[in-house]
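Here's a walk through one protein fold, from its start in the chain to the sheet in its middle. Have the structure open and follow along.

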Amino acid sequence: MAIFAPLILPVERRLQTGAVLVWIAALGMSFTAFFYICTIRYLWPFIIIYLLWILMVDRAPEHGGRRSLMWRNWIGWTYFARYFPMTLIKEGDLDPSKNYIFGYHPHGIISLGAVCTFGTEGLGFSKKYPGVNPHLLTLQSNFQIPFYRDYIMAMGMASVSKQSCERILNSGPGSSITIVVGGAQESLGAKPGTLDLTLKKRLGFIKLALVNGASLVPTLAFGENDLYELYSTDHTSKMYHVQQCMKNVLGWTMPMFNGRGVFNYEFGLMPRRKPVAIVIGEPIHVEKVEGSPSIEQLEDLQKKYIDALLGIWEKYKDVYAVGRTQDLQIIE
């Protein structure tokens, strides 16, 4: 197999690579642009005002972000989806008068399927589910990064804090959220050919559904874990302890992984060209609970959710997970 990409490739493939690079490089480019601007003295007053705005004034991340339909409908997101390619499978209709919590699984390395499905119109979410407005949620710390915060808010992303979740779910018909349930812990086990879900102890989004009367929608992405090669570390290793410390202190951690480059196939931060099929399941309707839900109510709804997720796996595993090395496992 060739290590380097050919110099001459169809324009379509170049556009696909460029579209994915726009997302992969966004964080690094934001830092680079900010620090470069900081070297220009006459811009310092504007930089100070901008930083004060971020840290002390702007509460948009807690109020659903600043969604830009123009940015979400950018044609580049269609090329983004074709790069892998990604497909969206719809299991059932969603009533636009209701509110929904989409649980996305698995986390993978950087949840590219969640970004494409819920943060853009690359897969035509709004056409498949008219009237439903999803907000992909991420850590509050991402909204403290200059420029990058504005980039992701334009995609409709918002903070994953409890207050943010409840504001969005109660802001009108169709207003919904997407939570990548497994979080940073799940990313440490995102090995190709596997689907190990961190779900048993995740009751926060279940409680959120009961308290707000929001329907749960299980979403399973076949192939998300195949986009990068993971260098797994033993639970007794020093690296694993460093990763756990990062997660405890920062709320996120960095798995050791490898993808491909723009001009090579063997190493880099770009994802591999592997197909990803995102299956959005049928909604699990939830009756609003007054007060705090009991343990029995939480566990009962969690069981319904897990059963629905396993149902999706059983239905599609022989179509979209043919090369799997093991079946789906709920590990913790």
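UniProt, in an unreviewed entry, places the feature "transmembrane region" at residues 20-37 and 43-60; its positions are given in the numbering used here, feature names are shortened, and annotations may be inferred rather than shown by experiment. A word on the ground rules: this is a predicted model, where local features need pLDDT of at least 70, side-chain atom pairs count only at pLDDT 80 or more, and totals for chains, interfaces and linings use all residues. Residues are numbered from 1 along each chain as its sequence is written, and side-chain values use heavy atoms, with hydrogens and water left out.

Here's how the two annotated spans come out in the model. Helices (H or I, at least four residues) and strands (E, at least two) are DSSP runs, numbered from the N terminus.

| Span | Distance between end C-alpha atoms | Helix | Strand |
|---|---|---|---|
| Residues 20-37 | 25 Å | 94% | 0% |
| Residues 43-60 | 24 Å | 78% | 0% |

Ile 37 sits in helix H2. With a relative accessible area of 24%, Ile 37 is partly exposed (buried means under 20% relative accessible area, exposed over 50%, partly exposed in between, using a 1.4 Å probe and protein chains only). Leaving aside neighbours within four places in sequence, Ile 37 is in contact with Leu 43, Ile 47 and Phe 147, where contact means heavy atoms within 4.5 Å. From C-alpha to C-alpha, Ile 37 and Ile 47 are 8.2 Å apart in space, and 10 residues apart in sequence.

Now for helix H1 (residues 11-24). At 1.5 Å a residue its 14 residues should span 20 Å, and the end C-alpha atoms are indeed 20 Å apart, which agrees; the expected span is 1.5 Å times one less than the number of residues. Which residues of H1 are buried? They are Gln 16, Thr 17, Ala 19, Val 20 and Trp 23. Looking down the axis of H1, these buried residues fall within an arc of 160°, so they line one face of the helix; the arc is that of the directions from the helix axis to the C-beta atoms. An α-helix has 3.6 residues a turn, so residues three or four places apart point the same way. The buried residues of H1 pack against helix H2 (26-38), helix H5 (76-83), helix H6 (112-118) and helix H8 (148-153).

On to the sheet. It's an open one with 7 strands in the order S1-S10-S7-S2-S5-S3-S4, and the pairing is mixed (two strands pair if DSSP finds at least two bridges between them). Strand S1 (86-90) and strand S4 (158-159) stand at the edges with a single partner strand each, so one side of each has no neighbour in the sheet.

Is strand S2 enclosed or open? 6 of the 6 residues of S2 are buried, so the rest of the structure largely encloses it. Both faces are covered, with Tyr 100, Phe 102 and Tyr 104 buried on one side and Ile 101, Gly 103 and His 105 buried on the other. S2 pairs with S7 in the parallel sense over 6 bridges, and 4 bridges join S2 to S5, also running parallel. Follow Tyr 104 across: its bridge partner in S7 is Thr 219, and in S5 Tyr 104 stands opposite Val 180. Thr 219 carries the trail onward, with Ile 280 as its bridge partner in S10. Strands S7 (residues 215-222) and S10 (residues 276-280) run antiparallel, joined by 4 bridges. Helix H13 (residues 295-320) packs on the sheet and touches S1, S2, S7 and S10, its direction making about 30° with that of S7. These angles run from 0 to 180 degrees between N-to-C directions, with axes as lines fitted to C-alpha atoms, for helices over the stretch in contact.

Helix H9 (residues 162-169) lies across strand S2 (100-105), S3, S4 and strand S5 (175-180), running at about 145° to S5. Its buried residues are Ser 164, Cys 165, Ile 168 and Leu 169. They cover an arc of only 125° around the axis, which puts them on the same side of H9. Their packing partners are S2, S3, S4, S5 and H11.

Two more residues are worth a click. Thr 138 lies in strand S3 (residues 133-138) and is buried, at 19% relative accessible area. Ala 214, in the loop between helix H11 (204-212) and S7, counts as buried at 0% relative accessibility.
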